[in-house]
Amino acid sequence: MKNVLLIDSGSGGVNILAESVRVAPYCNFLLFCDDKNMPYGNKSKEVLIETTLNNLEMIKTFFDFEIVVMACNTLTSTCLEVCREKYSYVEFIGTVPAIKPALKQFDKNDVLVLATQNTLENSVIIRKNKGIKTLALPWLANEIDANLDNVEVFRNRLAEELLGTNVKAVVLGCTHYSSISAMLEQILGKGLKIYDSANGVARRLLSFVQSETINYKVQIMVSQNYNLLPMFWNHFYNKVNS
């Protein structure tokens, strides 16, 4: 089995991990949730690069990763190329907003990209699609992780933020947002199409490991608050078995 590291600040990585296990159950997975530095979305590019390189160096001392999945749109848009340069012998897989499939079905005016400000400013694919609707919600990732077992507590706040939004599709530009797909559909109307990056990332991972024997191991690690682990494990089991 190949050693596969997934890295994010919290539950977004759990969403990518669950889909990766379903699609590519051939790996020794370690998910590193860097809750100490959450949220990534409001930090500078320089801070994120330094933090990520330090985390990789630390993890490398006990987990010899062969593939690294940046299970975070913000890290992908700010740190991916630097990490590839430093660890040239490691395969890196990024997570980017699923704008291409959305625009195959809908006009730009009918698509909303929900993402962190960092992703909106640094994502190449968003810059290439000027004119597409975007919205940054700086508070949302934190609220999702704090209320992962009861996201309904911030429904009213989210509905207020989205008031007047008239779109047919939403691209989830933050991996944490997968946990509120159903709520977005309820707020923005029946028939809303949600585009999530998780399956694309998992299929990219599959291309590197599909010749392996079906067998996998999963570990989840946090950087600070160990009380998050039961909630993350429960979320993982629910996602992978849904």
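Helix α3 tucks a good part of itself away: Asn73, Thr74, Leu75, Thr76, Ser77, Thr78, Cys79, Leu80 and Cys83 are buried there. Keep in mind that this is a predicted model. Below you'll also meet the cysteines and a buried asparagine in helix α2.

**Helix α3**
- This helix runs over residues 73–86, which makes 14 residues.
- From its first C-alpha to its last it reaches 20 Å, close to the 20 Å expected at 1.5 Å a residue.
- There's a kink of about 65 degrees in α3, and Cys79 sits at its centre.
- What do the buried residues of α3 pack against? Their partners are the strands β1 (2–8), β3 (67–70), β4 (91–93) and β7 (169–172), plus the helices α2 and α5 (117–122).

**Cysteines**
- How many disulfides does the structure hold? The count is zero.
- A disulfide is a covalent bond between the sulfur atoms of two cysteines.
- Cys27 is in no disulfide, and the nearest cysteine sulfur, from Cys33, is 17 Å away.
- Cys27 is also buried, with a relative accessible area of 0%.
- Cys79, the residue at the α3 kink, is in no disulfide either. For Cys79, the nearest cysteine sulfur belongs to Cys83 and is 5.6 Å away, while a disulfide needs the two sulfurs within 2.5 Å.
- Cys79 counts as buried, at 1% relative accessibility.

**Asn55 in helix α2**
- You'll find Asn55 in α2, which covers residues 45–60.
- Is Asn55 buried or exposed? It's buried, with a relative accessible area of 10%.
- Leaving aside residues up to four places away in sequence, Asn55 touches Ile7, Phe32, Asp34 and Tyr40.

Technical notes
Residues are numbered from 1 along each chain as its sequence is written. This is a predicted model: local features need pLDDT of at least 70, side-chain atom pairs count only at pLDDT 80 or more; totals for chains, interfaces and linings use all residues. Side-chain values use heavy atoms; hydrogens and water are left out. Buried means under 20% relative accessible area, exposed over 50%, partly exposed in between (1.4 Å probe, protein chains only). Helices (H or I, at least four residues) and strands (E, at least two) are DSSP runs, numbered from the N terminus. Contact means heavy atoms within 4.5 Å. The expected span of a helix is 1.5 Å times one less than its number of residues. The bend at a residue is the angle between axes fitted to the seven residues ending there and the seven starting there.
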